[in-house]
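Here's a quick briefing to read with the model open. Have a look first, then come back for the notes.

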Number of protein chains: 2
Amino acid sequence: MARVGLTAERLTLAGAELADEVGFEHVTVSELARRFDVKVASLYSHVRNSHDLKTRIALFALEELADRAADAVAGRAGKDALAAFADAYRDYARQHPGRYDAARFRLDPQTAAAGAGVRHARMTRAILRGYDLAEPDQTHAVRMLGSVFHGYVSLEAAGGFSHTAVDPQVSWDWIIDSLDTLLRTLTTR
Amino acid sequence: MARVGLTAERLTLAGAELADEVGFEHVTVSELARRFDVKVASLYSHVRNSHDLKTRIALFALEELADRAADAVAGRAGKDALAAFADAYRDYARQHPGRYDAARFRLDPQTAAAGAGVRHARMTRAILRGYDLAEPDQTHAVRMLGSVFHGYVSLEAAGGFSHTAVDPQVSWDWIIDSLDTLLRTLTTR
DNA sequence: GGGTAAAACCTAAAGCCTTTAGGCAGAAGC
DNA sequence: GCTTCTGCCTAAAGGCTTTAGGTTTTACCC
């Protein structure tokens, strides 16, 4: 029987692609097996179970997203960095809705700590260097930025902004602008 | 055979409670049948299918959340109203994580339009009356508030804020404070 | 109070997904 | 060339969803 060459990595990547096509919640071991033209049981040598597969996809997406964000902010500072960082998130979510969803998959604390979540937090803090905030304001600001970006992106993905004629891109820019203003206000407080 | 007295409403409510216990994604027709000590097939007279059940739970949660928010903002204005509104969301999400998740269930546009989503949007706009914003700023601000609240609440629920020692309540208050400041700045622009 | 018809719940069965156990055949190493 | 390991397979059990068609209960009406 021809061997397909399954590995956890290939399964993870294929799972990520599948997620973008059919939605993360519909990613299934069976469907993945079908795509590789292989029997379902065969996947269980590479992946512990369905949850494990989803965890891998989540970690993969987090890593990929962190890479993108890191690229985006490299060589920028202040509002420039803020906007680039924010856009990296939103662009990723729009190009890869399934993966973005995967990145929100609830990981157990251990797994999460070992994953790229830490990079995300560190990058957000790095963005704030341009605004010179002291603790605990910095932590508050990190949380606020994370909330706005994630909230906006997920509401937009859920179709929450399609009732109004106002262009989501314009709102997005407006929000980034506002956040920048706000953060600069805090600096001088 | 003793009749239990199933109705779509009772199933919906039980489903909401189940969601709070085991998580919305684990709400299942089978489990609900088990709770009512009834055969699975019996539920299908009251609910079209699993998706229909989830939709009903989602609509129920949206309605309940809108009720709470409406109560919270009644008789308040300005920052008071903003804070009460925000707290209503966060409190609901913390008391009823499963229902809050349900409220984020992706509804088809028709269903969503008929549901309480509209009330939420209208209330958010009402909050902004205290800040006297012209269009399109008002829409931008509505989107920003929705994003921050939803984003914060869902990141908090996902355990995203447990890595730092800073009290989430303090960050929350700080964020509301900041948003109030920001909105007041916009008014006078 | 008895008849009837709708409503509520049941049995049966098919289809799909997950997961485990054990088997065979290529691939890799000696 | 032989052994061993690995990759994929067959088989099977268990769970959830959904449909079809039966039976009992309830409620209404005469």
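Start with the core: of the 110 residues in the largest nonpolar core, Ala61(A), Phe85(A), Ala61(B) and Phe85(B) touch the most other members. A nonpolar core here is a set of buried Ala, Val, Leu, Ile, Met, Phe, Trp, Tyr and Cys residues joined through C-beta atoms within 7 Å. Buried means 20 or more other C-beta atoms within 10 Å of a residue's own, exposed means 12 or fewer, and partly exposed is in between, with C-beta atoms placed from the backbone. Keep in mind that this is a predicted model: local features need pLDDT of at least 70, side-chain atom pairs count only at pLDDT 80 or more, and totals for chains, interfaces and linings use all residues. Residues are numbered from 1 along each chain as its sequence is written, while chains are lettered from A and ligands numbered from 1 in the order in which they are written.

**Around the core**
- Not counting residues up to four places away in sequence, Phe85(A) touches Ala69(A), Ala72(A), Val73(A), Met123(A) and Ile127(A); contact means C-beta atoms, placed from the backbone, within 7 Å.
- In chain B, Phe85(B) is one of the buried residues of α5(B), along with Ala81(B), Leu82(B), Tyr89(B) and others.

**Helices of chain B**
- Helices are DSSP runs (H or I, at least four residues), numbered from the N terminus.
- The 18 residues of α5(B) (78-95) should span 26 Å at 1.5 Å a residue, and its end C-alpha atoms are 26 Å apart, which agrees; the expected span is 1.5 Å times one less than the number of residues.
- For the 24 residues of α4(B), 34 Å is what you'd expect and 35 Å is the end-to-end C-alpha distance, which agrees.
- Right after α4(B) comes Gly75(B), with a positive phi near 80 degrees.

**How the two chains pair up**
- Chain B goes onto chain A with a rotation of 180 degrees and 0.0 Å of shift along the axis, at RMSD 0.0 Å. That's the relation of a two-fold axis. The fit is by least squares on C-alpha atoms of residues with pLDDT of at least 70 in both copies.
- Which residue of chain B comes closest to the rotation axis? Gly151(B) does, with its C-alpha at 1.9 Å.
- 25 residues of chain B contact 25 residues of chain A. On chain B's side, α9 (137-157) and α10 (168-188) each give two or more residues, and α9(B) has the largest share, 11 residues.
- By class, that side of chain B has 12 nonpolar, 10 polar and three charged residues. Nonpolar covers Ala, Val, Leu, Ile, Met, Phe, Trp, Tyr, Cys and Pro; Asp, Glu, Lys and Arg are charged; the others, Gly among them, are polar.
- The copies meet through the same surface, since 100% of the interface residues of chain B are also interface residues in chain A.

**The DNA side**
- 22 residues lie around DNA strand C, with Ser30(A), Asn49(A), Ser50(A), Leu6(B) and Ala41(B) nearest; near means a C-beta atom, placed from the backbone, within 6 Å of the strand.
- α2(A) gives the largest share of that surface, three residues.
- DNA strand D is also surrounded by 22 residues, and the closest are Leu6(A), Lys39(A), Ala41(A), Asn49(B) and Ser50(B).
- For strand D the largest share, three residues, comes from α2(B).

Technical notes:
Contact = placed C-beta atoms within 7 Å.
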